[in-house]
Amino acid sequence: MDLGDLGDGTRVVHGGHPEPEAGTPLLPGPVFAAPYHLGESGPSGDFYGRAGNPTWRALESAIGELDDGHCVLLPSGMAATSTVLRSVLGAGDKLVLPSDGYYASRQFVTDELTELALDVREIPTPGPWADDVFDGARLVLLETPSNPGGDVCDIAALAERAHAAGALVAVDNTTATPLGQRPLELGADIVIASDTKALSGHSDILLGHVSVRDEELANRLVRARSLSGAIPGPFETWLAHRSMGTLDLRLSRQAENAAALVEALAGHPAVSGLRWPGRAGDPSHEVARRQMRRFGGVFCFELADADAVATFIARSRLVVAATSFGGLHSTADRRAQWGDPVPEGFLRFSAGCETPEDLVDDVLRALT
Ligand SMILES: Cc1ncc(COP(=O)(O)O)c(C=O)c1O
């Protein structure tokens, strides 16, 4: 079914589902095959589970339709990032990375790609982006909004400059999801995402994907997946597909909760450094408003120190400490404990799908 002209809710509910046929399920169950029957004349379709799986293809079709590209599913967000970096980069290449993005992407480059002797430039997401920053670059990785700080960069403007310098542009779109932002439509070449977060949204699976417009690059990524053996589990894939049907609803509630909490926390004496791209006046807001389709539920703020955060979590009934985001439950993560270069009391807050008044009451009470 062509869903291109339909709304977000319709697209996530129907994406990747087969045409209706009497007696068949709306969303077929997961296919767990290792080998498939070859028949007498050899392989003519799926032949081995590491190379192909119909449950992957159903979700890839749904996500690819949203991203507007060819989607290649991978077993986690880091599998998506590492597969792109390994597939695109060669020895001595220049790579531009966000200095304030997800720390494991930087760590992968420093610890696991040493044999490539890359020329790595780390730039903060809001810039400054010097005139010559992309000169000689092979790949530019952007992350916007960045995790954990919620800063944004102008994908279209940077992609134009990077392309003029001959570089490919990849965008980690995890915090936005394909409903929040479409990097390929803004000029990026590659979308990377951890679908562990809002896309699956129930805090119970790990998954990731890469979407690209270039078919040859998509085939290269599929080959890399197949040969590295880093493949998604069919059951996780099926759960993600089932969960994605409520993405529009969940994101709407999460953004509503984030907006209510941000409003309640603005000016609170215990809170400083409140940031959410959806908030008018936030340094990210103008660019975010132009390039994002909607804002998510992730925002950040600071309390006095680590003890103040521990007290806040202990007093709250609804907010749990957890190091992920985008799920049904509201969570808060003190990022300094993982080594992010942020103050000790810095919290990345992921607004869940609870009732807004309950959440605001609970958070304000926990801060008192
Ligand atoms: C922005 C971003 N990219 C990538 C990842 C890695 O995803 P995963 O944990 O699914 O490997 C994360 C995880 O937190 C993330 O926040």
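User: What makes the shell around the ligand divide into nonpolar, polar and charged residues, and how many fall into each class?

Analyst: In this predicted model, the shell comprises four nonpolar, six polar and three charged residues. The division rests on residue type: Asp, for example, counts as charged and Met as nonpolar.

User: How do you know which residues surround the ligand?

Analyst: A residue is included if one of its heavy atoms lies within 4 Å of the molecule. There are 13 such residues, and the closest are Met 78, Asn 147, Asp 172, Ser 194 and Thr 196.

User: What makes the pairing of the ligand with Asn 147 a polar contact?

Analyst: The cut-off for a pair of N or O atoms is 3.5 Å. An N or O atom in the side chain of Asn 147 is 2.7 Å from an oxygen atom of the ligand, so the pair qualifies as a polar contact.

User: Which ligand atoms do the side chains of Asp 172 and Ser 194 approach?

Analyst: For Asp 172, the partner is a nitrogen atom of the ligand, at 2.7 Å from a side-chain N or O atom. For Ser 194, a polar side-chain atom lies 2.8 Å from a ligand oxygen atom. The protein covers 92% of the 390 Å² of accessible area that the ligand has on its own.

User: Why is the pair of Tyr 102 and Tyr 103 called edge-to-face?

Analyst: The structure holds eight aromatic pairs. In this one, the ring centres of Tyr 102 and Tyr 103 are 5.2 Å apart, within the 6.5 Å limit. Their planes stand at 65°, and angles over 60 degrees count as edge-to-face, so the name applies.

User: Why is Tyr 102 described as partly exposed?

Analyst: Its relative accessibility is 28%, which lies between the limits of 20% and 50%, so Tyr 102 is neither buried nor exposed. Tyr 103, at 25%, is partly exposed as well.

Key:
Residues numbered from 1 in each chain as written. Predicted model: local features only at pLDDT ≥ 70, side-chain atom pairs only at ≥ 80, totals over all residues. Heavy atoms only, no water. Polar contact = N/O pair within 3.5 Å; in protein donor to acceptor, adjacent residues only side chain to side chain. Areas by Shrake-Rupley, 256 points an atom, 1.4 Å probe, with all protein chains shown as cover. Phe/Tyr/Trp six-rings, centres within 6.5 Å; stacked < 30°, edge-to-face > 60°. Buried < 20%, exposed > 50% of the residue type's maximum accessible area, 1.4 Å probe, protein only.
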